[in-house]
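Work through the exercises below with the coordinates open. Try each task before reading its solution.

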Amino acid sequence: MWIIYAVSSSIFSGLTSVLASYSSKLNKSDSILLTTIRTLVILLLSFVVTIFCGNISDIKELNMKNIIFLILSGISTTLLWIFYFKALDAGDVSKVTPIDKTSIVITLILSSIFLKEKITTIKVISIILVSFGTMLTINKPKEKSTNNKWIIYAILTAIFTSTTTIISKVGLNNINSYLATFIRTIVVFIILIIIIFITKKYKDIKELDSKGLRIVIYSGITNTLSWLFYFKALQNGEASVVFTIEKLSIVVTILLSVIFLKEKLNKKQILGIIIIASATALLMC
């Protein structure tokens, strides 16, 4: 079942990337404010799921290790989100997402060091193919851009994406994944609220139009589903495998960005998508 959860997570993660990019283009507001609104949606939905599944009472069973690592997971998640949506503000989603997904290599190494997961031949081959396919999907602009900050933001996103996975895997030990999602979302939301009040970004909320706000809410819903499925898979499966399977989201992201955001898709990107899908299928066999 954890493989199904991982695949489901990748689908909703891809939808989230496209919706987030679309909302940033519709709204003039800062990406941190949009991320805060999105996080509020996740917080409310994850709370409802936790209550509905009857897991809120498990909070009394949390030990200090769980709490510390869930807080660290929330901090790391906040950083990766800030960098990710900053990258989306400055670059196309079809360029940012592939660089972000190269974090699978970092995750493989970290999971081996800290989680004692075995580095198998299948894992190495799959990750090499996914990385190669990812590079092929990067659509280089015809004209050189003078603003390459999105590259730095995307690389930082990859780093914090990997560390978040490892930290979260440790924090999920012996606790319900839905409850863990809710707790770490509280941490993320508190940090973002502090940031927007310090920077006074809350004033930009008046610039949100109704359509843009709806898209942000939709991205919050898909993000919630992505998280719930991802941490359910992470709790039962190997971090390096779950993380790599989730990277199928790049296929969803690029295809949807072509359909709805009118971004160009060339032959090299099509080949990259085929390689990524094939490599992930190999990993799941």
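The exercises go from the whole chain to single residues, and the model is a predicted one.

**Exercise 1. Overall fold**

Task: State how many helices and strands the protein chain has, then decide how its radius of gyration compares with the globule rule.

Solution:
- Count the elements. The protein chain has 12 helices and 0 strands.
- Compare the radius. The globule rule gives 19 Å for 285 residues, and the radius of gyration is 18 Å, so the chain is as compact as a globular protein of that length.
- Take the extents. The C-alpha trace spans about 55 × 55 × 30 Å along its principal axes.
- Check burial. Of the 285 residues, 54% count as buried.
- Check the surface. About 13200 Å² is exposed, and carbon and sulfur atoms supply 70% of it.
- Check contact order. Among contacts between residues at least 6 apart in sequence, 91% join residues at least 24 apart.

**Exercise 2. Two helices, end to end**

Task: Test the lengths of H3 and H8 against 1.5 Å a residue, and find the side-chain oxygen at the start of H8.

Solution:
- Begin with H3. This helix covers residues 64-90, which is 27 residues. From first C-alpha to last it reaches 39 Å, close to the expected 39 Å.
- Look at the N-terminal end of H3. Asparagine 63 caps it, with a side-chain oxygen 3.1 Å from the backbone nitrogen of lysine 65.
- Turn to H8. Its 22 residues should span 32 Å, and the end C-alpha atoms are 32 Å apart, which agrees.
- Look at the start of H8. A side-chain oxygen of asparagine 176 comes within 2.8 Å of the backbone nitrogen of tyrosine 178.
- Look just past H8. There lysine 200 takes a positive phi of about 60°.

**Exercise 3. Positive phi**

Task: Place asparagine 174 and lysine 200 in the chain, and classify each by accessibility.

Solution:
- Recall the background. Most residues other than glycine have a negative phi.
- Take asparagine 174. Its phi is positive, about 65°, although the residue is not a glycine. It sits in the loop between H7 and helix H8. Its relative accessible area is 70%, over the 50% cut-off, so asparagine 174 is exposed.
- Take lysine 200. Here phi is positive too, about 60°, again without a glycine. The residue is in the loop between H8 and H9. At 49% relative accessible area, lysine 200 is partly exposed.

**Exercise 4. The salt bridge**

Task: Find the salt bridge, then say which parts of the chain it ties together.

Solution:
- Search the whole structure. There is 1 salt bridge.
- Name the partners. The side chains of glutamate 238 and lysine 123 meet at 2.4 Å, N to O.
- Place the partners. Glutamate 238 is in the loop between H9 and helix H10, and lysine 123 is in helix H6, so the pair ties together parts 115 residues apart in sequence.
- Compare their exposure. Glutamate 238 is partly exposed at 35% relative accessibility, whereas lysine 123 is buried at 5%.
- Add a neighbour. Glutamate 117 lies in the loop between helix H5 and H6. Its relative accessibility is 10%, so it counts as buried.
- List its contacts. Beyond four places in sequence, glutamate 117 touches residues including Lys123 and Glu238.

**Exercise 5. Two polar residues in helices**

Task: Are serine 168 and asparagine 223 buried or exposed, and what do they touch?

Solution:
- Take serine 168, in helix H7. At 1% relative accessibility it counts as buried.
- Find its polar partner. A polar atom of the serine 168 side chain lies 2.6 Å from the backbone oxygen of threonine 164.
- List its contacts beyond four places in sequence. They are Ser73, Arg184, Phe231 and Leu234.
- Take asparagine 223, in helix H9. Its relative accessible area is 5%, so asparagine 223 is buried.
- List its contacts, again beyond four places. Asparagine 223 touches Thr16, Arg38, Ile42 and Trp81.
- Add a long-range pair. Asparagine 223 and serine 17 are 206 residues apart along the chain, yet their C-alpha atoms are separated by 8.8 Å.

Technical notes:
Residues numbered from 1 in each chain as written. Predicted model: local features only at pLDDT ≥ 70, side-chain atom pairs only at ≥ 80, totals over all residues. Heavy atoms only, no water. Helix = DSSP H or I, 4+ residues; strand = E, 2+ residues; numbered from the N terminus. Expected span 1.5 Å × (residues − 1). Polar contact = N/O pair within 3.5 Å; in protein donor to acceptor, adjacent residues only side chain to side chain. Rg over C-alpha atoms; globule rule 2.2 N^0.38 Å. Buried < 20%, exposed > 50% of the residue type's maximum accessible area, 1.4 Å probe, protein only. Contact = heavy atoms within 4.5 Å. Areas by Shrake-Rupley, 256 points an atom, 1.4 Å probe, with all protein chains shown as cover. Salt bridge = Lys/Arg side-chain N within 4 Å of Asp/Glu carboxyl O.
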